[in-house]
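Student: Hello! I am new to this structure and would like a close look at one part of it, the aromatic rings, with a little of the surroundings afterwards. Could you walk me through it?

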Amino acid sequence: MTGSAEARVYLVEDHDVMREMIGEFLESRAGLTVVGCASTAGAAFAELEGLDIELVLVDTSLPDMNGIELVRRLLDRRPETLCLMYSGHEETFYVERALEAGAKGYVVKGNPRELPGAIQKVLNGGTYLSRALRHGESRF
Amino acid sequence: MDSTNRPPAGREALTSPDDVLIVGIGASAGGIEAIQAFFEGLPEDLEGVAFVVVMHLDPERESSLAEVLQHRTSLKVQQLTERHKIEAGSVYVIPPNKSLSVADGYLSVEEFAQPRGRRAPIDLFFRSLAQSPGGGIGIAMSGGGSDGAVGLKAVEEAGGLVMVQDPDEAAHDSMPLSVIATGMVDFVLPARELAVKVAEFRRSWGAIQVPEQQTELPKDEQEALQGILGLLWNRTGHDFCDYKDSTVLRRIERRMQVHHVESLGQYLDFLRTHPPEAQALLKSLLISVTQFFRDGDSWDALAENVIPELLEGDPEENVRVWVPGCATGEEAYSIAILLAERAADLAQAPEFQIFASDLDEEALAFARRGVYPEAIEADVSEERLQRFFSREGHHYRVKEELRERVLFASHNLLKDPPFSRLRLVTCRNLLIYLNRPLQQKVVRIFEYALRPGGYLFLGSAESVDGDTGAFRSADKKHRIYRREETGEPARLPELAFDARSVDERRIEPARPIRQRGTLPSDELERHEEFLESHAPPSIVVTADHKILHLSESAGRYLERPGGLPSNDILREVRSELRLDLQAALSMAFDAGRSTSTRPIKVRFNGEASWVHIIVQPGHGETDTGDRALVLFAEVEATGAGHAEDTDGPTHAERSPLVHRLEEETRRLRDRLQATIEQYESSKEEMKAANEELQSMNEEYKSTAEELETSKEEIQSVNEELTTVNQELKEKVEELAQANSDLQNLMAATEVGTLFLDRDLNIQRYTPHITELFNVMPGDVGRSITHLTHDVEYEHLVEDAELVLDKLVPLEREVRGRRGAWFLMRMRPYRTMKDRIDGVVVTFIDITRRRDEEEARRKAEERYRLLVQSVEEYAIILLDTEGQIATWNIGAERLFGYDESEALGQPGAIIFTAEDREMGAPEDELAAAAKDESVTNERWHLRKDGSRFWGSGMMTALHLPDGNLRGFAKGMGDHTDRKRAEDELVELMASLEGRIEERTREVRELASSLTMAEQHERTRVARILHSDLQQMLYSIQMKLALAREDLDDTSAAPAVAHLRESEEWLDRALDTTRQLTVELSPPVLEKEGLTDAIAWLRTHMLELHDIEVEIVADGPYYLPNEDWRLLLFQAVRELLFNVVKHAGTDRATVELSEREDEIVIRVVDEGRGFDVSSVAERSAGDSSVGLLTIGERLKLFGGRLEIESTPGAGTRASLHAPIEPRRRGAVEAGEPAAGEAS
């Protein structure tokens, strides 16, 4: 992908502070364009209908729907959309199920610096898993 | 004598040398070889013979018999196919499956009339051969069966010649033997020699001819004939003088042909020199061939018209039938069959007896055997064969039932006294052999023998005629005559039985010799005649003084006295000569000396002559005994000597001595004369007596025969008796055994028993009776009244008489000595035939029983008194109907009723109205009857209407035989106890209710607590996760941004602080995350139970190194979050238990849904434990926690089931309703948390 600056990203995060933080962080540090964001799966599902985006960053815990479920439904409708899970849970239980649903990556919250690289890798057609996950560590 | 015209066929036909001699050869198995040998043995020059070969050929196949035989003979052999004229020099062979017969010089081929198996072609042919002139020759050769035997008899009867192959030579001897068995065989020789005989016979056949009438014979031949008959009479005792000339001559002719003798004279010589020939001739003369039912029509007539009448008479009277001349018995058996058949149709038929007689012993033996060749099938219907005969190979044997009806006896019809009181005489084809006078004599014999109304059945060519008026023709055509009642007793013709008549006939053969003087024929005879005329008159006599022969002039010395004629010379001779002749004869025979008498003065026509009698003994023919010649020499000149001795007129001049002597002599002579006359008359009487004896003898003979028959019966009866005897012996042994058993039984019963007869005399007793009665073995038969006894019982006799009178048993208990008691039973003695034959008295020792009864009675009395005296306790007896039978003082006190009021009342009076309404009294009785005894606790009613709580028991009482006798009811007043109990029960009930209530409260509280805690945890976890954690993430991000910004400014100390802050932040995040999970697994919020368990699986693996396998069919969403959480925690705790206690690193969680509940099983294969021991532990044992889990589940309507076996793993099953049925305080707690996080 040539212009990551032009890459268009959508955020689904129910926590307001967190949503803002990530949006700011991605735009300022990763050079991405955060096209929009939603705090519920339902809102995201409705807004994404008319948007031209390349990547959706989804939190696993959403008030109305499981994030992984959202990924599955989103890809049912728009298979070309790239989805990256961003979660507080680091159990492989979630990771496996996210990848199974079609997500291209899984990033555990708690290490924001990791996020731009992960997005970039997914945009480039790769699959990204958090280092902690890749090493099979279990810190909790 | 007719040589040109063939005489008519039949037994009277004679043959001529020009006729063709037909030789029939019958053979069967093994016959070809014999026939071949026969033809090889035939002389080449044989002429005038035609052979007919009859064999049993396979009806299905062509026969090559003709070709086979052609090789052995020069004669022309041909198999017949159609009627063919018989030509000399030919051999004719029977074709297969056809029968052959001969008639009028032609052979006819015919189809069989009989089915296969019953055919007798050889018999058929021989029967037809017998009808041809002279009867031809019949030859039987090797073969099985008896075909031919009957036919050859016919041939023999017709005057033909019968030959049989020697059975020793024959390959199969059955056929030859059955022909020989008929006794009518002329030659038995090997086949080759038979051929030679045929040739010889042919040469003499026709050449030897004898005319039919004696008068046609030349004189010498007539004499020879008389000689033959005389010799036959001498040798065999049978006289054929009165037989028809034609019959006799034909038979002699056949014998002559057999022996190739050409004249009667030669035959006479042959007869003299061959003693056995006399028997052969006799046999030939006696020939009479009979058949079963010969001339069937006549037999039918007899069966229809005569037999029924015979059997109609008195059943007690035997029907006697005589068959004279029965030969081999066929006729006799035929009669027997008819009688048996008729008798079988009658309800009550008289017995019948058939006497069958004949002269021919051989034929009689045959008849007695009663075995006939199978050829009789032609004469006897199949039905009769089945009924009266049993088949034995190729023969039929007369069955015993028929055989025993016929009595065969040797008997001379003409000589022996007849059977008498007869109902039927069957005499067929016998009269034809006799001349007219003899026939009439025989008819008179039958007249004598038959009862009036009896029948005479003659042959088809015979009839009753002559002077007897006793017979009337009943069926002219079939020659059946009825003996009519003539009004005067029939007289036996004397001649038949008077020995003198036989003697007269014996002289007859000599008559021609006496007549010969008028016709001198040769020198010898002339010499004899000359001698006769010149020699003194002479008489030949036998040793017993019978005149054998008189010379011509001897008659003058004989005189006929009055009375019956005789040929005793002493009776016939002139009386003057008698004494001296007697003396001389005795001298001659006794001393064998020739004697001469003194001259005897005889007056011939008033002229006195002196006659010497000379008696010369001599020997006649060996078999006729001594003879003597008596010569009469007349002395004309009267010599002095003579005159002195005999002349009467001179005696006066004699000396007185001489005179006296002469007087003495005369007196002696007169006395002698008187003695002789006396002797003669007694001889007559003896003769009469002899005749009677003969007649009796005849009866005895018949009886002897019958006895012989019955002897066999007796033997068989004896056999039966032996068997019966054996059986009886066994019975006796059984009886002895039974008797011995009985004795032992009587001894073993230890019951004293007396058997008395009707007069009360002792018949029998058992040993034990002696303890009571002074009875001893010698007392048997004595009256019981004579015996003393040790029983206090004075009415023994009266009772016994009563029993005998009324026939009813009687029982008494009587006392014996030393206080012993006996049960005396007296019953009538019934015999097996149900007759009362006395009394049986038994004494059974009942002392012990009586004692026991007494003891029991006393005990009962004591018991009763005891019961009566009980005051605190009511004791009531009820009868089977539930009515009060006893009522003790206790009952009176308890219920208020007096005994008199209570007795007879229903037991229900003590029940309350409610209980009575419900049928309680009846139920109680029924229960007691069923279960023996029932406890009884209820409110009872007193007489005054007050109630009390009665407690006790009711027991069913039984008779010894098991039947219900009544009920015993015992009861006490337990009202006080009842009240206390009731209060206690109430107290207990309220206590329990309170505890239950409190428990429920506690439980609800616990449940609320649990849920509240859960809610709290969830809430805290949510806050941690959703707020605190997110904020920490945000801070983390802010710090990261800040640090990057600071990097640019190189504010190193600040960066270092930031970095340190970031690390703390990381640790804080970790802590919150861990805390969140511990408080409430985030996954539960929106996932299904299966997902939650799957999360748990990863969690357990990562945290505790335990591999959990999940088996689930669906996500199993549970709408109630509390419930979901509870189940999740339960599973987690169970898994922790596995980790902690099971000692294994594997477990399986199975989820399944059934109806409205979800079942989760946690299974491990670890060490397991004892479930019961766990249950005992306190619920607070956190190390197990199972009970806590169970408790918690219960609050939601679920449950926990644990199965575990030490060493075999654990299986914990959680049963959870999908919608929890909350109990207790769950409802009261906080409502289920919303779905929002």
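Student: How many aromatic pairs does a search of the whole structure find over all chains?

Tutor: Happy to help! Please keep in mind from the start that this is a predicted model. Searching the whole structure gives 22 aromatic pairs, counted over all chains. A pair of aromatic rings is described by the distance of the centres and the angle of the planes. Let us use that description on two examples.

Start with B:F38 and B:F39, whose ring centres are 5.5 Å apart. The angle between their planes is 80°, and the pair is edge-to-face. B:F38 has a relative accessibility of 0%, so it counts as buried. Its partner B:F39 has 3% relative accessibility and therefore counts as buried too.

Now go along chain B to B:W939 and B:W949. These rings have centres 5.3 Å apart and planes at 75°, so this pair is edge-to-face. What parts does the pair tie together? B:W939 belongs to strand β34 (residues 933-941) of chain B and B:W949 to strand β35 (residues 947-958) of chain B, so the pair ties together parts that are 10 residues apart in sequence. As for accessibility, B:W939 counts as partly exposed because its value is 25%, while B:W949, at 10%, counts as buried. The cut-off you need here is that buried means under 20% relative accessible area.

Rings can also be grouped. One aromatic cluster is formed by B:F292, B:Y333, B:F366, B:Y372, B:F389, B:Y396 and B:F408. Look again at B:F366 from that cluster: the charged end of B:K153 sits over its ring, 5.7 Å from the centre. A second charge over a ring is found at B:F293, where the charged end of B:R384 sits 4.4 Å from the ring centre.

With the rings in view, here are some of the surroundings. A good stop in chain B is strand β21 (residues 538-542), where four of the five residues are buried, so the strand is largely enclosed by the rest of the structure. β21(B) pairs in the antiparallel sense with strand β26 (residues 626-635) of chain B, over five bridges. In that pairing, B:T542 has B:R627 of β26(B) as its bridge partner. β21(B) also pairs in the antiparallel sense with strand β22 (residues 547-550) of chain B, over three bridges. There, B:V541 is bridged to B:I547 of β22(B). The hairpin of β21(B) and β22(B) has four residues between the strands, and in this hairpin B:H545 takes a positive phi near 70°.

Chain A has an enclosed element to look at as well. In helix α5 (residues 114-123) of chain A, seven of the 10 residues are buried, so the helix is largely enclosed by the rest of the structure. The buried residues in α5(A) are A:E114, A:L115, A:P116, A:A118, A:I119, A:V122 and A:L123. After α5(A) comes A:G125, with a positive phi near 95°.

Another glycine to find is A:G31, in the loop between α1 (16-30) and β2 (33-38) of chain A. Its relative accessibility is 26%, so A:G31 counts as partly exposed. From A:G31 to A:A7 is 24 residues in sequence and 8.2 Å in space, C-alpha to C-alpha.

Next, see where the chains meet: 35 residues of chain B are in contact with 33 residues of chain A. Between them the two chains bury about 3000 Å², with 55% of it on carbon and sulfur atoms. On the chain B side, B:M1037, B:L1041 and B:R1073 lose the most area to chain A, together 20% of what that side buries.

Finally, a word on the predictor's confidence. Chain B has a mean pLDDT of 79, with 87% of its residues at 70 or more. Chain A averages 82, and 90% of the residues score at least 70. In chain B, pLDDT stays under 50 over residues 1-14, for which the model has 26 contacts beyond four places in sequence. It also stays under 50 over residues 1223-1237 of chain B, with 30 such contacts. In chain A, residues 136-140 stay under 50, and the model has 11 contacts beyond four places in sequence for them. For the complex, the predictor gives an ipTM of 0.79 and a pTM of 0.37.

Technical notes. Residues numbered from 1 in each chain as written. Chains lettered and ligands numbered in written order. Predicted model: local features only at pLDDT ≥ 70, side-chain atom pairs only at ≥ 80, totals over all residues. Heavy atoms only, no water. Buried < 20%, exposed > 50% of the residue type's maximum accessible area, 1.4 Å probe, protein only. Helix = DSSP H or I, 4+ residues; strand = E, 2+ residues; numbered from the N terminus. Phe/Tyr/Trp six-rings, centres within 6.5 Å; stacked < 30°, edge-to-face > 60°. Lys NZ or Arg CZ within 6 Å of the ring centre and 35° of its normal. pLDDT = per-residue confidence, 0-100. Contact = heavy atoms within 4.5 Å. Pairing = 2+ DSSP bridges. Buried area = accessible area lost by both parts, 1.4 Å probe.
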